[in-house]
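Trainee: I am new to this structure and would be grateful for a close look at a single part of it. Please choose one loop and then place it within the whole.

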Amino acid sequence: SLERFEAHNTQLRDLRLLHAVTALASLVLDANPVLGSLAGVDGIAAMRGDLVLTGNATLASLAALDQLTAVLGTVTVTDNPLLSADEVAALIARVHP
């Protein structure tokens, strides 16, 4: 269990370092220019805090969040130019109706 994982402007390419985490309260990824994948958080089903994905220039998919069914805090997904608007809308509708 991890309370909060936050990364800002790093050389982080994916989230594989979190592969053993099954509970995560908040995930904040802001301005990570080489973060291409969220692989590593595949096992997270719910967050009681916030999900923030902003300014990640090479993030191309939210597939690693397919198991995520609820976010009790805020959901912010902006300025990720390679993510499709449909994929973002589907995530928000699923986790934060």
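Mentor: Asp 79 is found in the loop that runs between strand E6 (75-78) and helix H1 (85-95). In this predicted model, the phi angle of Asp 79 is positive, about 55°, although the residue is not a glycine. Is Asp 79 buried or exposed? Asp 79 is exposed, its relative accessible area being 62%, and the cut-off for that term is over 50%.

Another loop residue may be set beside it. Asn 9 lies in the loop between strand E1 (2-8) and strand E2 (24-30). Its phi is near 50°, again a positive value in a residue other than glycine. Asn 9 is exposed as well, with a relative accessible area of 59%.

Both loops belong to a protein with one helix and six strands, which follow one another from the N terminus in the order β-β-β-β-β-β-α. The radius of gyration is 12 Å, close to the 13 Å that the globule rule gives for 97 residues, so the protein is as compact as a globular protein of that length. Along the principal axes, the C-alpha trace spans about 30 × 25 × 20 Å.

Of the 97 residues, 41% are buried. Among contacts between residues at least 6 apart in sequence, 44% join residues at least 24 apart. The protein exposes about 4900 Å², of which carbon and sulfur atoms supply 56%. As for charge, there are 5 positive and 10 negative charges, and their mean positions are 6 Å apart.

Methods. Residues are numbered from 1 along each chain as its sequence is written. This is a predicted model: local features need pLDDT of at least 70, side-chain atom pairs count only at pLDDT 80 or more; totals for chains, interfaces and linings use all residues. Side-chain values use heavy atoms; hydrogens and water are left out. Helices (H or I, at least four residues) and strands (E, at least two) are DSSP runs, numbered from the N terminus. The radius of gyration is taken over C-alpha atoms; the globule rule is 2.2 Å times the number of residues to the power 0.38. Buried means under 20% relative accessible area, exposed over 50%, partly exposed in between (1.4 Å probe, protein chains only). Contact means heavy atoms within 4.5 Å. Accessible areas come from the Shrake-Rupley method with a 1.4 Å probe; for residues, only the protein chains shown count as cover. Lys and Arg count as positive and Asp and Glu as negative; His and the chain ends are not counted. The place of a charge is taken as NZ of Lys, CZ of Arg, CG of Asp or CD of Glu.
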